[in-house]
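Open the model in your viewer and set the display to cartoon, with side chains available on demand. The stops below go from one strand to its partners and then to a cavity.

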Amino acid sequence: MSVPSSEAYVEEWLSSFSSKLGTCRSIPAQPLTPSSLRSSPLIPAQSGKRKRSRSMPEPRPQCPQKRQRRLRSDNDIFPDQSASDIGITELSERTRLSRPSQYAGSSPKRTTSPVRDLLKDLRVLKPSIFCEIPSSVILPESAAALQQSLMDRLEEGLIPASLKSNVLAKYPSIAASIPIVAYDLSDTRSANELGIMWDSVEEILSESRDCGRYQQDKNAWCMKVVYSTLRLALKGNHSLKVESVQTQAINPEVLPITPKNYRVQKKADYAFSFHHNAPQISDLYDQLYLEGLGDRISHTTDANTNRLALFSGIDVKQENGGKNEALAQLAIWLAAGLESVRRLGELGQEQQYLVEELHPVVRWTVISHDWYTYIAYRVNQGGRDTFNVVGPWRVAAADTRDVKKYERIVSVCSAVT
């Protein structure tokens, strides 16, 4: 018996498959059941053990055809959606779906507030930190003198009298509410200097409006408004400089200690430093370097600012930022700063440096437009060492919404420095 060639074999198989496919198309579609499969002409009845077929396996017939999935088109987008809103969410091993709450139907569980807990814990630190409103405390003599000097600068002589016409032309509605005493008749700066100052004020107020209007973040408020304001307040002062301390940690040795013996680390955004280019300050720095204290002058661990004498502090938050959080952060920053000064004082006089010898400081928290003024000091009450932060002082309320209250900020910052 002759063996068919490969070509004849393929042709025979194709003709057999075509005839079976035509038979499949002529049979109406019906549900697939065990009985229908047994009666199908494509599946012969089997008896006994199935023998291995030498022919090639038959391809599965493509009937009935499956309905193809229609791709999403632009017509499937709802009127309140845009094409960019329609996306594909890819799930992976790290994707976690939220589970239904176990308390469905009941009132939500009250969440804890780390800021409120921190403000409460400040009182049990060592030294204790108390954040009080002005009406609840009696200021010690040194702090009261500082407070009085600030109040004297809040209403009178805020704006150079030569700029009155500028204020009237630019802010006519605000100019009507500015009293005569708010203009400084004794200002002797030249027209060119006042022009530069007015341009700076206009630019800062414009930037503050944009930051508030477009809900810009904290970095925008810091660089465009706060830092520019502090530099304007120090213009002409060659002894002081604004330092950005946003990323600088506090030296743990001067941080307050909790009852569980751990230290609370917080940061501020800006501080003032005594510039080493001033002759008297440079001499003081040289003496500290000779004593081996050149890298322990301030309370930071930064390689630059730990060699500078820092004072005061400013903490900034964006629109609707946490006022209490800013207060807690700055309180810890100032407490560590005064402790660093106290330790340096003890090294200089080789005896205990009393907390009453520490000078009070003024600090600010800035929440978008609003500047809140506080006075901080350290005292010993009944043998207990405490650090008090008193404020905000309503009489010192200032903001960057109009030129009068903005000039109040500049005036107070200038008086403090």
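How many of the residues of strand β7 (residues 361–367) are buried? Select the strand in this predicted model: seven of its seven residues are buried, so the strand is mostly covered by the under 20% relative accessible area cut-off.

Now show the side chains of β7. Val361, Arg363, Thr365 and Ile367 point one way, while Val362, Trp364 and Val366 point the other way. Residues on both sides are buried, Arg363 included.

Next, add strand β6 (residues 310–317). β6 pairs with β7 in the parallel sense, over five bridges. To find one of them, pick Ile314, whose bridge partner in β7 is Trp364.

Then add strand β8 (residues 370–381). Its pairing with β7 is antiparallel and runs over seven bridges. Here, select Val362 together with Ile375, its bridge partner in β8. β7 and β8 form a hairpin with two residues between the strands, and Ser368 in that hairpin has a positive phi near 55 degrees.

Keep Trp364 selected for the last stop, since the name returns in a cavity lining. There is one cavity of 30 Å³ or more, and the largest cavity has a volume of about 40 Å³. To outline it, select Trp364, Trp371, Thr373, Ala396, Ala398, Arg408, Ile409 and Val412. Which element gives the most to this lining? That is α11 (403–416), with three residues; β8 also supplies at least two. By class, the lining has six nonpolar residues, one polar and one charged.

Notes. Residues are numbered from 1 along each chain as its sequence is written. This is a predicted model: local features need pLDDT of at least 70, side-chain atom pairs count only at pLDDT 80 or more; totals for chains, interfaces and linings use all residues. Side-chain values use heavy atoms; hydrogens and water are left out. Buried means under 20% relative accessible area, exposed over 50%, partly exposed in between (1.4 Å probe, protein chains only). Helices (H or I, at least four residues) and strands (E, at least two) are DSSP runs, numbered from the N terminus. Two strands pair if DSSP finds at least two bridges between them. On a 1 Å grid over the protein atoms alone, a cavity is a set of points where a 1.4 Å probe fits but cannot get out, and a pocket is an open set with protein on both sides within 12 Å along at least five of seven lines; lining residues have an atom within 4 Å of a point. Grid points are joined across faces, edges and corners, and a volume is the space filled by probe spheres set on the points. Ala, Val, Leu, Ile, Met, Phe, Trp, Tyr, Cys and Pro count as nonpolar, Asp, Glu, Lys and Arg as charged, and the others, Gly among them, as polar.
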